[in-house]
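Dear colleague,

I am passing on the structure we spoke of, and below it you will find my notes. Please read them with the coordinates open beside you.

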Amino acid sequence: MTDIFWLIPFVPALSTLILAVFGRKLPKKYVSYQACLAVFISFAISVISLIGLLQTSQESYPLVKNLFSWINSGSFQVNLSLQLDPLSAIMALVVSGVGFIIHVYSVGYMADDEGYTRYFTYLNLFTFAMLILVMASNIVLMFVGWEGVGLCSYLLIGFWFEKHSAANAGKKAFIVNRVGDAAFLLGILFIFVHIGSGEFTAINSAVSGGAITQGLATLIAILLFVGATGKSAQIPLYVWLPDAMEGPTPVSALIHAATMVTAGVYMVSRMNLLYTFSGTAALIVAIVGAVTAIYAATMALTQNDIKRVLAYSTISQIGYMFIGCGVGAYAAGMFHLYTHAFFKSLLFLCAGSVMHALSGEADMKKMGGLRKYLPLTYPAFLIGAIAIAGIPFFSGFFSKDAILTQAFAQGQYFIWALGIMGAVLTAFYMFRLIFLIFHGEERIEPEAKKHIHESPRVMTIPLVILAFFSVVAGYIGLPVVFGKKLNWFRSFLEPVIKEGHEAHISLGTEWILILISVGVAFLGIIIAWVFYIKAPRIPQRLATRFPFIYKLLFNKYYVDEIYNAVFVNSTIKGSEIIYDKFDLKVIDGTVNGTASAAGFSGKILSYLHSGLIKDYALIFLLGLIIFLGYLLIF
Amino acid sequence: MIPVSYFLVLSILLFVMGTIAFLIKRDLITMFMAVEVMLNAANLAFIALAKSANSIDGQIIVFFIITVAAAEATVGLAIILLIFRQKKTIKSEDIKLMKG
């Protein structure tokens, strides 16, 4: 049953090809069916492969399908080969499953867009690249997928490129990612120089066989992680993700919440032996994750754009996943990735539904009281918010709790404390969203109110499906307090991620930790309720009382401004100087000099051309005489 | 039997006459005729040498040259005719389109 797993990425690839070549001539309806069907087939194959994988013995993991030898240059050997093991099976399921739901949603959301076919071409291409990323059996092919999703992200952020801000946001995302990718590429080169192969199995056996030193492992792991901070929007390269919200909302849901931005977490989990072996690198991952988790959460507190709040929330949640990976609980990190994919894409799709109802309005100041107009979106959003806030028995609770418990168990109390603080903020800003959008007084623009309506079925059914999974997805990874063998997710990942990394604490401590994280979640919700329902003047008063903090948060710590001043402007200034001094003078001088030298010599030589046929004949004759004379003499 | 050198001397004389005529005449038609004389001087040398060497190859080449010369003559005359139509002259020094 696993024979055909390598087809998973290629079905969307074929669909992309058809749409890209014939897309203009195909009717809209056909485009929708083909794009959705392609991803659905991938999903179906993923399910079949997963079942097949469960029936295969663990000794034969990972199953590798070598399609052909791609680069064969001396000792530099790269195969185009895909692999299937528990980690890539889970990722393939999430990507194709959530991807399919979002494709269906897009059919409704993008229905009136002029670039409908282009949109689905990009979306299929993205699915292909993402599946290559998660199924590649060597790091070079993974990098191909890594760059492919970056390209699709760029294309889709700038989808409405006639809008200046969207085009700029696309460029920003692409350029910021380049910074990370340069480091990632360096990491790959180090792997090839010192290990000699990019295959994950070879890297793992080199690490566990002691073929590389700990310092080298740290260097490689950190370089790869810098790449991950770019793609997964962590400090210091997170700045592109909030701006990426210029893209269509389903894109934000699929690429900038559920799948692409979690690629860094997948990569770190894939390389878990390397990170564990290095130790230092794992600690850096955990610290960056924890700081990002709380830092991004504070920025989400004051934003008024519904999608921007969700974007900061995504950054923060990915920070949690990195905490999990950093403290050695890779399975918990992956588990949070998996549950996050459902509830965050649900939240984004709900946000899209709200914006759809209000004719594209994303400013929360112009919402309020939408509960009665959107009878389906409201409960769906509520479920998503509860799940992300960490209320018990919803999926986010299990995964976030698994991460924080492990952080505590590893003795990283500082990181655990940051995570707990982040959890309060998470619950607060999510319920701030709920109260500002769906409760309270109506602040809707009269123009938008005329067209207010619940979204069509093609959009609400995906919401229902995702809401269902946001509730139940967590039950495959129950914490240890409910029973030893209930964490099916954890034991499924066992062949890839050895359980030995994780520490165990007594059940009593674990119960206390769970109670604390539940307590802080409720605390956040209550604060939000007080601030925005009970006494709506408090936020205003706080803002005037602490204007500095409010301004700092509202302006996102001025990081964009600092980056602009330090990196962007200095680059522009430097480029201008180089353009002025080097380009114009040296390069243009050389080029123009060559041209004028050729022109000048041509002018001199052209005096030989009298245009008179007799002159030519005479020269011809002279040449002949000289030639014959030469032959006679020598 | 006339020695082959006689033919060759005649051929050289014809060739030199053609060359000089080509260089000193101004009329395109005359220059063209001079070229034909040079061509036939070469033909003569071919025939003479072919006869003396008892080989048929030289004679065959001469046939080819004559055929090509016929074609060349028509093309050359056509060009001269068209130049005359355009410029109303066939004086070689008046035609210097290629002057640098």
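Chain B has an average pLDDT of 90, and 99% of its residues score at least 70. Please keep in mind throughout that this is a predicted model, for which the scores are ipTM 0.83 and pTM 0.81.

On the overall make-up of chain B, the secondary structure comes to three helices and zero strands, and the pattern read along the sequence is accordingly written α-α-α. The C-alpha atoms of chain B fill a box of roughly 50 × 25 × 25 Å along the principal axes, and the radius of gyration of chain B is 17 Å, where a compact globule of 100 residues would have one near 13 Å. Of the 100 residues of chain B, 10% count as buried. As for how chain B is connected, 47% of its contacts with a separation of 6 or more are between residues 24 or more positions apart.

Chain A has 634 residues, of which 51% are buried, and its secondary structure comes to 26 helices and two strands. Taken along the principal axes, the box filled by the C-alpha atoms of chain A is roughly 115 × 65 × 50 Å. Among the contacts in chain A between residues at least 6 apart in sequence, 81% join residues at least 24 apart.

Where the two chains meet, ten residues of chain B are in contact with twelve residues of chain A. Sorted by class, the side of chain B that touches chain A has four nonpolar, three polar and three charged residues.

Within chain A, I looked at two places in detail, and the strands are one of them. Strand 1 (residues 63–73) and strand 2 (residues 76–84) of chain A run antiparallel and are joined by nine bridges. In register, A:I71 stands opposite A:V78 of strand 2, and A:S73 stands opposite A:F76 of strand 2. The hairpin that strand 1 and strand 2 of chain A form has two residues between the strands, and A:G74 takes a positive phi near 60° there. Strand 1 of chain A is hardly covered, since one of its eleven residues is counted as buried.

The other place is helix 20 of chain A, and here I would put a question to you: which residues of helix 20 of chain A are buried? They are A:M459, A:T460, A:P462, A:L463, A:L466, A:A467, A:F469 and A:S470. What covers these buried residues of helix 20 includes helix 3 (86–109), helix 15 (330–357), helix 16 (377–389) and helix 17 (395–409) of chain A. As background to the spacing, an α-helix has 3.6 residues a turn, so residues three or four places apart point the same way. The length of helix 20 (residues 457–472) of chain A also agrees with expectation, because its 16 residues should span 22 Å at 1.5 Å a residue, and its end C-alpha atoms are 23 Å apart.

With best wishes

Note on methods: Residues numbered from 1 in each chain as written. Chains lettered and ligands numbered in written order. Predicted model: local features only at pLDDT ≥ 70, side-chain atom pairs only at ≥ 80, totals over all residues. Contact = placed C-beta atoms within 7 Å. Nonpolar A, V, L, I, M, F, W, Y, C, P; charged D, E, K, R; others polar. pLDDT = per-residue confidence, 0-100. Helix = DSSP H or I, 4+ residues; strand = E, 2+ residues; numbered from the N terminus. Buried ≥ 20, exposed ≤ 12 C-beta atoms within 10 Å, placed from the backbone. Rg over C-alpha atoms; globule rule 2.2 N^0.38 Å. Expected span 1.5 Å × (residues − 1). Pairing = 2+ DSSP bridges.
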